[in-house]
Amino acid sequence: MHEQPKILVHLLHLCEFIALVAGIIKFKSLKNSYWKWFVFYLAYIFVYEIISYIAKAEFKSKIGYFQSYIHIPIEYLFLFWLFAVKSLQKRVLFYWFSVLFFLSFVIDARLQQGDFTIKSLNTTIGNLLLLILVMLEFNKQIKSDAILNFKENKMFYINIGVTLFYVGNMPFFGWYMTIYQYPSFWNGFYKYFMISNCIMYLLFAASFVWGKVKS
C-alpha cells in the first residue's frame, strides 16, 4: 500500500511558511536587490501548495494540469534564472536550459501518443539541468575567496537545498512509474522526497537569516 503521511504534508507547509516569513522579515534589506523576487517566489509556492491541498479533492484534474504545465515550469525556470543569470552570470546558459526544458514537454507529448508514456521526463530533464547548475555553483564557491565566509553566502544554502531535493530525488522522478509498482520501495522514496523538501525550505529560510546581500 502506498503511504502518504499527512504529517509530512503539514510539516512541508510549515517549512514553506517559515521560509516565507524569514523572507518577509528580511524584505526591507532585499527590496533593492534581485533577492526580493526570491521572496515573491516563496510566496507563490506557499499559496499554491495551500490552495492545491484544500481544493485537490474537488478539482484534482485541473490542479494536476496546472501543476504539470504551469507550476512545475515556474519552479524550474526561476531556479535556472537564479543560478545561471544572477549567480553564475551566464545568461546564455539560462536561455539554452529553458529551451531544452520546454523541448522536453514536446518530446513527452509525442511519447504519450505511442504505446508508452514517460510521465517523469520533464522533471528528469529539469533535474539534470539543475545538476549542472549546482555543480557550476559549487565550483564557483570553492574557487572564490568568499568560501571563507560561506555562512554569509545566500547561494551556499540554496545550492545545498536544491542538491538535496531536486538532484537527490532524480531516481524518484525518473523511475517513478517503475518504483510505484513496489509500494514499500515507493514509500521509502516518498519519505525522502518530503523530508528533503522540508530541509530545502529550511535552508532557504537560513539563507535569509544568515546570508547577506552583496552591496
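The sulfur of C15 has its closest cysteine sulfur in C198, 4.1 Å away, which is too far for a bond. The model, which is predicted, holds zero disulfides. It also holds 42 aromatic pairs, and the points below take up two of these pairs, a charge over a ring, two helix packings and one contact along the chain.

**Cysteines**

- Seen from the other side, the closest cysteine sulfur to that of C198 is the one in C15, at 4.1 Å.
- A disulfide needs two cysteine sulfur atoms within 2.5 Å, so a separation of 4.1 Å is too far for a bond between C15 and C198.
- C15 is buried, its relative accessible area being 4%.
- C198 counts as buried as well, at 4% relative accessibility.

**Aromatic pairs**

- The structure holds 42 aromatic pairs. One of them joins F38 and Y41, whose rings are stacked, with 6.1 Å from centre to centre and 15° between the planes.
- The pair counts as stacked because its angle of 15° is under 30 degrees.
- F38 and Y41 both belong to helix α3, which covers residues 36-55; they are three residues apart there, so about one helical turn separates them.
- F38 is buried, with a relative accessibility of 1%.
- Y41 is buried too, at a relative accessible area of 6%.
- In the pair of F101 and F105, the ring centres are 5.4 Å apart and the planes stand at 85°, so this pair is edge-to-face.
- The edge-to-face label applies because the angle of 85° is over 60 degrees.
- F101 and F105 lie four residues apart in helix α5 (residues 91-112), which means that about one helical turn separates them.
- F101 counts as buried, at 0% relative accessibility.
- F105 has a relative accessible area of 13% and is buried; the value falls under the 20% cut-off for that label.

**A charge over a ring**

- What lies over the face of W35? The residue is K154, at 5.1 Å from the centre of the ring.

**Helix packing**

- Helix α3 packs with helix α10 (residues 183-209) at an angle of about 150°, and their axes are 12 Å apart.
- α3 and α10 are therefore roughly antiparallel to each other, because an angle over 145 degrees gets that label.
- The crossing that α3 and α10 make is left-handed.
- Helix α1 (residues 6-25) packs with α10 at an angle of about 15°, and the axes of these helices are 8 Å apart.
- α1 is therefore roughly parallel to α10, because an angle under 35 degrees gets that label.
- α1 and α10 also make a left-handed crossing.

**Y76 and T123**

- Y76 is placed in helix α4, which covers residues 60-87.
- Is Y76 buried or exposed? Y76 is buried, with 2% relative accessible area.
- Y76 and T123 are 47 residues apart along the chain, and 8.7 Å separates their C-alpha atoms.

Methods
Residues are numbered from 1 along each chain as its sequence is written. This is a predicted model: local features need pLDDT of at least 70, side-chain atom pairs count only at pLDDT 80 or more; totals for chains, interfaces and linings use all residues. Side-chain values use heavy atoms; hydrogens and water are left out. Rings of Phe, Tyr and Trp (its six-membered ring) pair if their centres lie within 6.5 Å; planes under 30 degrees apart count as stacked, over 60 as edge-to-face and the rest as tilted. Helices (H or I, at least four residues) and strands (E, at least two) are DSSP runs, numbered from the N terminus. Buried means under 20% relative accessible area, exposed over 50%, partly exposed in between (1.4 Å probe, protein chains only). A charge sits over a ring if NZ of Lys or CZ of Arg is within 6 Å of the ring centre and within 35 degrees of the ring normal. Axes are lines fitted to C-alpha atoms, for helices over the stretch in contact, and angles run from 0 to 180 degrees between N-to-C directions. Angles under 35 degrees count as roughly parallel, over 145 as roughly antiparallel, 65 to 115 as roughly perpendicular and the rest as oblique. A crossing is left-handed if the near helix is turned anticlockwise from the far one by less than a right angle, and right-handed if clockwise.
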